[in-house]
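Good morning, and thank you for coming. I would like to take you through one structure today, beginning with the chain as a whole and ending with a few details of its backbone.

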Amino acid sequence: MSKQIKLTSFQLSIFIIQTQIGVGVLGLPFNVFSVSEGDAWISVLVAGALVQCVITLLWILGRRFPSKSLFEYSRVLLGKFASIFITFGYLIYGVLVVIIILMYATAIIKSWSLLHTPTWAVMLMLIIPGFYLGKEKVMEISNVYVVVTILIVLLVVVSTIVLFIYPVDWRYLLPIGASGGLTILKGAKEAYFSMLGFELLLILYPYFQNNGSPAIYKAATAANLSVTLVYTFLTIVSTVTFSPEEIKIVPQPVLYYVKSLYLQVVERVDLLFASFWVVNVITSLTSYLFLCTECCSHLFKKFKKLKRGYCTVFWGGFAYCIALIPGKLSEMDMVNKWVLALSYIFVLIIPITLLAVSLIFKKKESESA
């Protein structure tokens, strides 16, 4: 693997943030509130804390093999066959996440603005930028992510404005903790899926190894903290803006309260806001296409003439075709449940297994090199 020494810790943070904040940012308050109601914001904080625990485990695993990605040190720990199986598994996982992003983003775009535009055309507009960026190396992708990060800041600014001009009721947050610990944890499970993206640390670690292990951990922690605070803030704004009865029937509360804003020069602020949100969808989609490309490049590294772009277009095109099949929301929710269940395997079980093998057999890069 060719290491890029000019990458900074800030770029790592932005890469993870842009991967985590995507389609889920609009519907997260609705999904979590449906479970833990007024304590939804607590559920988001709990989810962030649990994600931080997982990030710590991924970092401990990565620092034992600082110059190798997951696909390389899995071969050292489990052997060639198991390594190929794991790499192919992450490839399929990446494709499935791309499918989920395409399906839900397209559904939201069609319901809010492009009502009569064919589904295939909307998805194509989302996947083409992903093709263009996903085939690039980490440096080029990170540079683009840094530039568009201002759109996330805009999301927070607009939500803050809503608090001052919209009639909010802070009593909707009370009584704190009334849902109970178990319900709050169930709500955290709903928030967890919207926070996925941090697991890319498994393949990003070697690109940033020159920054030092502590710097990588701080960067990943800063990214998770930023995403957790943004999601918590949006959940609080949604909770105090809509009544408990209203928010349960508003699938994208963030877009609904943005729609309430009035600007003399812009008639539909929500459509302008949705246009900016699409950029975050594309960055999240790009990150998982990058994961697919890295997996494919490692699986077929013996074929030197196989360009990264071919891998990106093939697997992105495959995801595009599959994403066109589910037509109903219930079908999309079913696929979403499958991917959520699989995520536990690739985000928790496999990394924990690799870490356990590494610790039990005392294998590190210095010993395996």
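I shall speak about the overall fold, then the pocket and the cavities, and finally some individual residues.

Please keep in mind that this is a predicted model. The protein chain contains 17 helices and 0 strands. Along its principal axes, the C-alpha trace extends over about 60 × 45 × 40 Å. How does the radius of gyration of the protein chain stand against that of a compact globule? For 369 residues, a compact globule would have a value near 21 Å, and the protein chain has 21 Å, so the two agree.

Of the 369 residues, 53% count as buried. Among contacts with a separation of 6 or more, 85% are made by residues 24 or more positions apart. The accessible surface of the protein chain amounts to about 16,600 Å². Carbon and sulfur atoms account for 69% of that surface.

I turn now to the empty space. Rolling a probe the size of a water molecule over the atoms shows where such space is left.

The largest pocket has a volume of about 940 Å³. Its lining comprises 32 residues, and those closest to its centre are N31, Y104, F193, D333 and N336. Which helices supply at least two residues each to this lining? They are α1 (9–20), α2 (24–36), α5 (80–112), α9 (181–194), α14 (269–299) and α16 (329–360). The largest share, 8 residues, comes from α5. Sorted by class, the lining of the largest pocket has 16 nonpolar, 11 polar and 5 charged residues.

There are also closed spaces, and the count comes to 2 cavities of 30 Å³ or more. The largest cavity has a volume of about 80 Å³. Its lining is made up of I21, V25, L151, I152, L154, L155, F273, F276, W277 and N280. Two elements, α8 (150–165) and α14, give two or more residues to that lining. By class, the lining of the largest cavity holds 9 nonpolar residues, 1 polar residue and no charged ones.

The second largest cavity encloses about 40 Å³. The residues that line it are L70, F71, Y90, Y93, E199, L200, L202, I203 and L291. Here the elements giving two or more residues are α4, α5 and α10 (201–204). The lining of the second largest cavity has 8 nonpolar, no polar and 1 charged residues.

Let me move to single residues. S74 lies in helix α4, which covers residues 70–78. Is S74 buried or exposed? With a relative accessible area of 0%, S74 falls under the 20% limit and is therefore buried. Leaving aside neighbours within four places in sequence, S74 is in contact with G79, S83, I86 and L354.

The backbone offers three further details. The peptide bond from L174 to P175 is cis, with omega near -10 degrees. P175 is found in the loop between α8 and α9.

E37 is not a glycine, yet its phi is positive, near 50 degrees. E37 sits in the loop between α2 and α3 (40–64), and is partly exposed, with a relative accessible area of 36%.

K362, also not a glycine, has a positive phi of about 55 degrees. This residue lies in the loop between α16 and α17 (365–368). K362 has a relative accessible area of 61%, which is over the 50% limit, so K362 is exposed.

That concludes my presentation, and I welcome your questions.

Notes:
Residues numbered from 1 in each chain as written. Predicted model: local features only at pLDDT ≥ 70, side-chain atom pairs only at ≥ 80, totals over all residues. Heavy atoms only, no water. 1 Å grid on protein atoms, 1.4 Å probe; cavity = no way out; pocket = protein on both sides within 12 Å on 5 of 7 lines; lining within 4 Å. Points joined across faces, edges and corners; volume = space filled by probe spheres on them. Helix = DSSP H or I, 4+ residues; strand = E, 2+ residues; numbered from the N terminus. Nonpolar A, V, L, I, M, F, W, Y, C, P; charged D, E, K, R; others polar. Buried < 20%, exposed > 50% of the residue type's maximum accessible area, 1.4 Å probe, protein only. Contact = heavy atoms within 4.5 Å. Rg over C-alpha atoms; globule rule 2.2 N^0.38 Å. Areas by Shrake-Rupley, 256 points an atom, 1.4 Å probe, with all protein chains shown as cover.
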